[in-house]
Amino acid sequence: MNGELLAFNSVTFGYRKNTPVLKGLSMSIEPGTLTCIVGKNGAGKSTLLSLAIGRFRPQSGQIRLDGLPPQRWQARSRVGYLPQGAGFPPMLTVHFILKMVANYKKTSIAQEPIIEEMGLLPYLDRRCGSLSGGWTRRLALCCALMGGPRLLILDEPTVGIDVACRIDVLNAITDFVANDGAVLWTTHIAEDAFSVDSDLLILQDGVCRNLGAFRAAADSEEVIIEVVSRQAIGPVGTFVPRRIGATWRYLVPVDQKEAVYAALVGRDLQPTVALPSAEELLAKALEEAE
């Protein structure tokens with residue numbers, strides 16, 4: 001297995017017999033790596049993660065989790081999983097949830113520093129139903145990290161939480177990888193993938209394409225020329241603007257910046273120049289993959 005913690009080999013899967021979601025997909029995750037799967041809604045990202053943890057079985061091909069079928073307990077015990085809609089029974093306390101997870105993972109609360117690191121100690125006696133969305137997410141991530149997993153599988157771990165909680169979650173992910181763990185995760189928040197320096201896999205038409213490191217992709221020789229207008233603004237040459245509300249943003253090569261800028265000034269507009277955001281770079285990558 002060459003040290004692979006997770007391997008998909010020509011995996012095909014579909015919820016309906018003749019409608020595959022994944023089509024001969026192959027990929028691998030190794031220790032010390034952080035890999036983010038991106039793609040449009042319905043591309044199969046959550047399905048891929050469900051296959052990785054053994055919730056579903058492939059219709060063809062093979063999946064191995066640390067060299068074992070993912071349905072085996074020995075394999076599952078090496079994985080921490082955070083589903084997208086993680087929630088807890090509202091009447092149970094945080095302490096009860098942590099103790100239950102610790103028993104399942106053959107550890108104890110006293111042996112898990114991650115509980116304190118995630119700031120949960122003051123909340124141990126709180127009922128889960130009284131927790132905010134951010135604290136519920138912290139609890140879910142804490143549960144995934146307990147027991148010393150080698151691989152974290154996280155489905156949109158930063159969705160629907162405030163900035164402070166997002167930072168704590170991203171720091172926990174980065175620290176886990178720094179200690180030779182591996183993370184496979186999904187997100188629609190490009191800035192988060194950029195912040196933790198993820199490798200990107202685009203999932204499209206049932207297969208994955210490796211884009212490499214997001215920071216390397218972001219180090220492009222392109223700039224944004226932005227115009228604010230409630231009126232529609234058309235293309236400049238071959239450059240078609242991306243509209244966000246009343247803002248029109250042209251992604252152009254640096255060596256053509258002055259020409260596009262001058263053309264917009266010639267239309268009596270007031271353009272400004274900025275670096276492209278992580279979201280724009282990801283949107284461009286998804287468009288180019290089509």
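# A tour of two sheets and one cavity

Start with the open sheet of four strands, ordered β11-β12-β10-β13 and paired antiparallel. Select 242–244 for β11 and 272–274 for β13: these strands stand at the edges with a single partner strand each, so one side of each has no neighbour in the sheet. From one strand to the next, the twist averages 30 degrees. The model is a predicted one.

Next, select residues 222–228, which form β10. Three bridges pair β10 with β13 in the antiparallel sense. To see one facing pair, show Ile224 and Ala274; Ala274 lies in β13 and stands opposite Ile224. Then add residues 257–265, helix α9, which packs on the sheet. Helix α9 touches β10, β12 (247–253) and β13. Look along β10 and compare directions: α9 makes about 10 degrees with β10.

Stay in this part of the model and go to the loop between α9 and β13, where Asp268 is found. Asp268 is not a glycine, yet its phi is positive, about 65 degrees. Is Asp268 buried or exposed? Its relative accessibility is 73%, and Asp268 therefore counts as exposed, the cut-off for that class being over 50%.

Now move to the other sheet on this tour. It is open and has three strands in the order β2-β1-β4, with antiparallel pairing. Select 22–29 for β2 and 60–65 for β4; both are edge strands with a single partner strand, so each has one side without a neighbour in the sheet. On average, neighbouring strands here are turned by 15 degrees against each other, direction ignored.

Select residues 6–13 to bring up β1, which runs antiparallel to β2 and is joined to β2 by five bridges. Leu6 has Ile29 of β2 as its bridge partner. Add helix α1, residues 45–52, which packs on this sheet and touches β1, β2 and β4. The direction of α1 makes about 120 degrees with that of β1.

Colour α1 by accessibility. Seven of its eight residues are buried, so α1 is largely enclosed by the rest of the structure. The buried residues are Lys45, Thr47, Leu48, Leu49, Ser50, Leu51 and Ala52. After α1 comes Gly54, with a positive phi near 85 degrees.

Next, pick Ile63 in strand β4. Ile63 has 4% relative accessibility and therefore counts as buried, since buried means under 20%. Which residues is Ile63 in contact with, leaving aside its neighbours within four places in sequence? They are Leu6, Ala7, Phe8, Val11, Leu51, Pro58, Leu68, Pro69 and Pro70. Draw a C-alpha to C-alpha distance from Ile63 to Ser10: the two are 53 residues apart in sequence and 8.8 Å apart in space.

From β4, continue to the loop between β4 and α2 (73–76), the place of Asp66. Asp66 is another stop for backbone angles: phi is near 55 degrees, a positive value in a residue other than glycine.

Asp66 also leads to the last stop, a cavity, as Asp66 is part of its lining. Rolling a probe the size of a water molecule over the atoms shows where empty space is left. The count comes to one cavity of 30 Å³ or more, and the volume of the largest cavity is about 30 Å³. To frame it, select Leu5, Leu65, Asp66, Arg78, Val79, Arg150 and Leu151, which line the largest cavity. Its lining divides into four nonpolar residues, three charged and no polar.

Terms used. Residues are numbered from 1 along each chain as its sequence is written. This is a predicted model: local features need pLDDT of at least 70, side-chain atom pairs count only at pLDDT 80 or more; totals for chains, interfaces and linings use all residues. Side-chain values use heavy atoms; hydrogens and water are left out. Two strands pair if DSSP finds at least two bridges between them. Helices (H or I, at least four residues) and strands (E, at least two) are DSSP runs, numbered from the N terminus. Axes are lines fitted to C-alpha atoms, for helices over the stretch in contact, and angles run from 0 to 180 degrees between N-to-C directions. Contact means heavy atoms within 4.5 Å. On a 1 Å grid over the protein atoms alone, a cavity is a set of points where a 1.4 Å probe fits but cannot get out, and a pocket is an open set with protein on both sides within 12 Å along at least five of seven lines; lining residues have an atom within 4 Å of a point. Grid points are joined across faces, edges and corners, and a volume is the space filled by probe spheres set on the points. Ala, Val, Leu, Ile, Met, Phe, Trp, Tyr, Cys and Pro count as nonpolar, Asp, Glu, Lys and Arg as charged, and the others, Gly among them, as polar. Buried means under 20% relative accessible area, exposed over 50%, partly exposed in between (1.4 Å probe, protein chains only).
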